[in-house]
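Hi,

Here is the structure I said I would pass on. Have a look at it first, and my notes follow underneath.

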Amino acid sequence: MYDIAVIGAGIIGTFIARELSKYKLNIILIEKNNDVADGTTKANSAIVHAGYDAKPGTNMAKFNSKGNPMFDKICEELDVEFKRVGSLVIAFNDEDMNTIKELYDRGLKNGIPNMEIISGQKVREMEPNLNSDIVGALYAPTCGIVGPWELAIALAENAVENGVELLLNSEVYNIDKTDFGYRIFTKRKVIDAEYVVNCAGLYADEINNMVASPYFKIKPRRGQYFILDKSAGNFVNRVIFQCPTKLGKGVLVAPTIHGNLIIGPDAEDLDDKERLDTTADRLQYVRKTATKTSKNIPFKKVITTFAGLRAEPSTGDFIVEESKEARGFINVAGIKSPGLTASPAIAEYVVELLKDINGGFKIKEDFNPIRERMIRFDKLSDEDKAELIKKDSRFGRIICRCENITEGEIVDAIRRKVGATTVDGIKKRVRPGMGRCQGGFCSPRVMEILARELGTDVSEIVKDSPSSYVLVGRTNKGLEKNLRG
């Protein structure tokens, strides 16, 4: 019997699980996929928004403005890279400048500090690669960039270090109300819990409907992106937005926390919650729209494209509340942009909701907010590298040439509390496969290391989901000999 079950191990679910781990509670974090951060969290713009865009008085505005300043401390505790680079919303005409003024006024109402409306000349001084027809911009210095999947993994690790149980590959297919709370049926086991927090992302409406009447619906909205090589990473130094539309914040051009350049997304409403394919026509739209920001974007340096799905709620706002029909069942749904930014504030609010229902939780005196530090070999001094290699020769073997990732880092990623078990799991944690060759060189070695560390045959190692096999079997030795001549 668990005190609380959290359904969904994306950025929201992992933040809530970590916040709950501060208390003397028996908590389980349930995820349908093969790893944490495997949905929207691994495919988005990775922006920590300043908070001027959301309509004052909404949950989006409240949690964005409160969540943004929390990132410095949290990322320091969890050893996650985070930079405040600032953002510019650029204007091309008087109509856009009116929108800029509206955003500025919203920002003031939302309590966003240090915003400025600046001239086109000032914009070009700050960002020389932008187009000459820009007439002005809203500058917000508190905007930041982070690795959202790395943050979610770190949150999950720290939650598990503090006693949370993580259950992967456990899709919830039914929930019954009981005298003690809820009985949750998953594909792996049946879980009893007094309280449930529904953070199921695109499927949060379906989870709600298992215990209560439908009162909101989640629609998937697909966005497609380009990622450019690190040699283009300094093309802009800040997050560059065009003026927002009813479909969202539009196509941005921004640096990433790891030194690449990201461009996108578009916005396309779909019915299929699994449509993560990229399409030539929508990517062409992203490319064409981005050239309005800068005609000089070096698209010849594109190393990959990807698509993500965000959860569009029928309510038009974040849903963070106890179900009216199911006591102790908390819906945290429709957490689209700025959901990443809002997530730490949402987590605190959800815990307060549960405290109010329960009557209070006891603080865990031995809660440790500090996640075990990671070794980032490429960022060490030459002296520190040499000393580390003396202690462990695996740090002297480069596995990923593009990102300079060592065998020692990959082994550490496997052996941690929420360790990687797949090729993509390693990619999310320590980046082999994220570089120019996109895993063409390092993937076989990553698979070999995974198989060795997990004590399994290399043919059992998958890319991501249990069905995403990479190897189908060994080739015939006689045929190999004949082919070699």
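Contact here means heavy atoms within 4.5 Å. With that in mind, and remembering that this is a predicted model, let me start with arginine 394. Leaving aside residues up to four places away in sequence, arginine 394 touches Thr406, Glu407, Gly408, Val411, Arg415 and Glu453. Take Val411 from that list: it sits 17 residues from arginine 394 in sequence, and the C-alpha to C-alpha distance between the two is 8.6 Å. There is also a polar contact of 2.9 Å between the side chains of arginine 394 and aspartate 392. You will find arginine 394 in the loop between helix 10 (382-391) and strand 21 (398-400). Buried or exposed, or something in between, for arginine 394? Its relative accessibility is 22%, so it counts as partly exposed; the cut-off for buried is under 20%.

Now the overall layout. The domain assignment splits the chain into domain 1 (2-40 + 148-217 + 315-358), domain 2 (83-144 + 219-311) and domain 3 (377-460). I spent most of my time on how domain 1 meets domain 3. Their C-alpha centres are 31 Å apart, and the contact draws on 13 residues from domain 1 and ten residues from domain 3. Between them, domain 1 and domain 3 bury about 1,000 Å², with 54% of that on carbon and sulfur atoms. On the domain 1 side, 45% of the area buried against domain 3 comes from Asp35, Trp149 and Glu157, more than from any other three residues.

Next, the polar side of that contact. I count four salt bridges between domain 1 and domain 3. Aspartate 35 turns up again here: it forms a salt bridge with lysine 428, and the closest N and O atoms are 3.3 Å apart. Seven residue pairs are in polar contact between domain 1 and domain 3. Which element gives the most to the side of domain 1 that touches domain 3? That is helix 6 (residues 148-161), with seven residues. Sorted by class, this side of domain 1 has seven nonpolar, one polar and five charged residues.

A few backbone details are worth a look too. Two cis peptide bonds caught my eye:

- Glycine 264 and proline 265 are joined by a cis bond, with omega about -5 degrees. Proline 265 is in the loop between strand 16 (261-264) and strand 17 (268-269).
- Serine 337 to proline 338 is also a cis peptide bond, with omega near 10 degrees. Proline 338 is in the loop between strand 20 (329-333) and helix 9 (339-358).

Then there is the loop between helix 12 (423-430) and helix 13 (443-454), where arginine 431 is placed. Arginine 431 is not a glycine, yet its phi is positive, near 80 degrees. Glutamine 438 is found in the loop between helix 12 and helix 13 as well, and it has a positive phi of about 55 degrees without being a glycine. As for accessibility, arginine 431 is buried at 7% relative accessible area, whereas glutamine 438 counts as partly exposed at 28%.

Last one: helix 1 (residues 11-20). Ten of its ten residues are buried, and the charged Arg18 and Glu19 are among them.

Best wishes

Technical notes
Residues are numbered from 1 along each chain as its sequence is written. This is a predicted model: local features need pLDDT of at least 70, side-chain atom pairs count only at pLDDT 80 or more; totals for chains, interfaces and linings use all residues. Side-chain values use heavy atoms; hydrogens and water are left out. Domain bounds come from an automatic or database domain assignment. Buried area is the accessible area (1.4 Å probe) that two parts lose on being put together, summed over both. A salt bridge is a side-chain nitrogen of Lys or Arg within 4 Å of a carboxyl oxygen of Asp or Glu. A polar contact is a pair of N or O atoms within 3.5 Å; within protein, one must be able to donate a hydrogen and the other to accept it, and residues adjacent in sequence count only if both atoms are side-chain atoms. Helices (H or I, at least four residues) and strands (E, at least two) are DSSP runs, numbered from the N terminus. Buried means under 20% relative accessible area, exposed over 50%, partly exposed in between (1.4 Å probe, protein chains only).
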